[in-house]
Structure formats: structure tokens, C-alpha cells
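Colleague: I am new to this one. Could you take me through it and justify the terms you use?

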Amino acid sequence: MFLISITAGLLGLLIGSFLNVVIYRVPRGESIVSPGSHCPACGHPLKAWELIPVLSFLIQNGRCRECQEPISWRYPAVELLTAILFLLTAYFSWSTAIYPSQLFLNLVFVAVLIALSLIDIDTLRLPDVLTLPLLVLGLLGAFLIPGNPTGWESLLSAMGTGGLFLLIALLYPQGMGLGDVKLVAALGAFLGFPAIFLAVFLGSLIGAISGVYLLVTGQKCFRQQIPFGPYLALGSIIALLWGTRIFDWYWALVK
Ligand SMILES: [Zn+2]
């Protein structure tokens, strides 16, 4: 379990580096394969060693080797975040998920959520090219891999939460977009019932707390839109990794 977690963490560094490309290019409608990675300021194509996650940033002192333009600290941060979340996902889902294919699916789930969260922060959009495949993958995984949730649970959970959020989006269009509806349907498909409730509850709670914090500290004004995607993603990852423990704890408390 320890070895698998470390391997997943190292894999996370590489995937995180790829997610940086996805986060930058997908909202701009650019290809994620070609051209190769280059400095956004001067276009200098990056050599293999300049692509080593985190390390190359430290070696280059956070600057482009060609034009000396500072490189955003967000690139190594996304790589580290992906590594940490991959490590945690391997560590905590290996004990519950028996099938290696389930672990693989969980890692894909976490990776896509990281990309969606940062794109939502940057653009207030959740692109269909990421949310819809996530929905399909969640449904396929539930139908093909035995375990929790089952295919039908996954389908019902996706339709139920997607339908509920669609209703909210229709009644209150300035607060919720259709991107949030598609994301929450995908989350429902992946997590099933009742984990999806926990995910939405935690996401809304953390979102509300940080919304109030941003208002009070004057970092956002009242009518300003706050992206919901990152909070839903955070709630979902907590529900994925610790949902069973949280429910056990809750029921013990209520009894
Ligand atoms: Zn440059």
C-alpha cells in the first residue's frame, strides 16, 4: 500500500505537469498535444529537463531561461497538489476499492477535478470537453467494475443530482450555470448515493464559509460571481476518500 501510494504520488507530479497544459490551453480552444510546451511570454520551446515537475522551476529560479520572465508559481503548485492528492487517493482508496481499475478511475476523477477547478477559477466556465467525458466515465466505471456504486445507483444518482441542480439553475440562473449542472451529474455518477449528498453538502458549506470570508475581507464584492466548481470538487474528493468514515462517525453520533 505504501509503495503504491508513493508511485501514485510520483505519477501525480507528471500528470500535474500535463494538467497545467490542459488548464492553460482548453479554455483557449488550443490543442493539448501540439505544439510542445513553450514559454507563454517568449515562445521559447521547453527542453526535456525544463519540463521536470517542480525541480525545473527551482533550478531555473522561477524564471524563463530565455527571456527571464517570471514563471507563475501556480505551475509547480498544481504539480505538487496533484502529487499529494494522488498519494492520498492511492492510500485511502486502496483499502476500500478492491479492483486496481477502480483505483485508476479514482485517479482520473481527481485529475479531471483539479483541471476543472482551476479553469473555473480562471474563466468561470466548466468546459463540456471535460465535464461530459467525466460523466460518461463515471457511468461506465460503475456499470463495468463491480463494487460501489452499482451501475443503476450511479445512473440514478447522476440524474437525481443533475436534475436538482438543473432546476436551481433554471430558477436562479445568475447563481448557477449549466456547467455546474453537468459537473454535479458527473460527480453523482462517480460517487453514487449517499456520498454525492455529502460532497454537495461539504462543497456548499466550504463555499459559503469562504464566500463570507472573501466578502468580509473585501476581496470580492457582493454581486461578484464566485466559482462553485472548486468547492464541489473539494467536497467530492473528501467524500471519495473519507465518505465511509464520515458516515460511520455521523451515525455513531446520532445514535
Ligand atoms: Zn520566455
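**Terms and evidence**

Modeller: Let us start in the loop between α1 and α2, where Val54 lies. Bear in mind that this is a predicted model.

Colleague: What makes the phi of Val54 worth a remark?

Modeller: Its sign. Val54 is not a glycine, yet its phi is positive, about 60°. Most residues other than glycine have a negative phi.

Colleague: Which other residue is found in that loop, between α1 and α2?

Modeller: Pro35 is found there. A cis peptide bond joins Ser34 to Pro35.

Colleague: How do you know that the bond between Ser34 and Pro35 is cis?

Modeller: From omega, which is about -5° there. Asn148 and Pro149 are also joined by a cis peptide bond, with omega about -5°. Pro149 sits in the loop between α5 (128–144) and α6 (151–171). Most peptide bonds are trans.

Colleague: What makes up the secondary structure of the chain?

Modeller: There are 9 helices and 0 strands.

Colleague: Why is the chain called as compact as a globular protein of its length?

Modeller: Compare two values. The radius of gyration is 19 Å, and the globule rule gives 18 Å for 255 residues. These are close, so the chain is as compact as a globular protein of that length.

Colleague: What are the domains?

Modeller: The domain assignment gives domain 1 as 1–95 and domain 2 as 99–255. Their centres are 24 Å apart, taken over C-alpha atoms.

Colleague: How many residues of domain 1 are in contact with domain 2?

Modeller: 19 residues of domain 1 are in contact with 19 residues of domain 2. The area buried between the domains is about 1800 Å². Carbon and sulfur atoms give 83% of it. On the domain 1 side, Ile23, Thr89 and Phe92 lose the most area, together 28% of what that side buries.

Colleague: Why is the meeting of Arg74 and Asp122 called a salt bridge?

Modeller: The cut-off is 4 Å, from a side-chain nitrogen of Lys or Arg to a carboxyl oxygen of Asp or Glu. The side chains of Arg74 and Asp122 meet at 2.8 Å, N to O. That is within 4 Å, so the pair qualifies. The count between domain 1 and domain 2 is 1 salt bridge.

Colleague: Which elements give two or more residues to the side of domain 1 that touches domain 2?

Modeller: They are α1 (2–25) and α3 (74–94). The largest share, 12 residues, comes from α3. The residues of that side divide into 15 nonpolar, 3 polar and 1 charged.

How values were computed: Residues are numbered from 1 along each chain as its sequence is written. This is a predicted model: local features need pLDDT of at least 70, side-chain atom pairs count only at pLDDT 80 or more; totals for chains, interfaces and linings use all residues. Side-chain values use heavy atoms; hydrogens and water are left out. Domain bounds come from an automatic or database domain assignment. Contact means heavy atoms within 4.5 Å. Buried area is the accessible area (1.4 Å probe) that two parts lose on being put together, summed over both. Helices (H or I, at least four residues) and strands (E, at least two) are DSSP runs, numbered from the N terminus. Ala, Val, Leu, Ile, Met, Phe, Trp, Tyr, Cys and Pro count as nonpolar, Asp, Glu, Lys and Arg as charged, and the others, Gly among them, as polar. The radius of gyration is taken over C-alpha atoms; the globule rule is 2.2 Å times the number of residues to the power 0.38.
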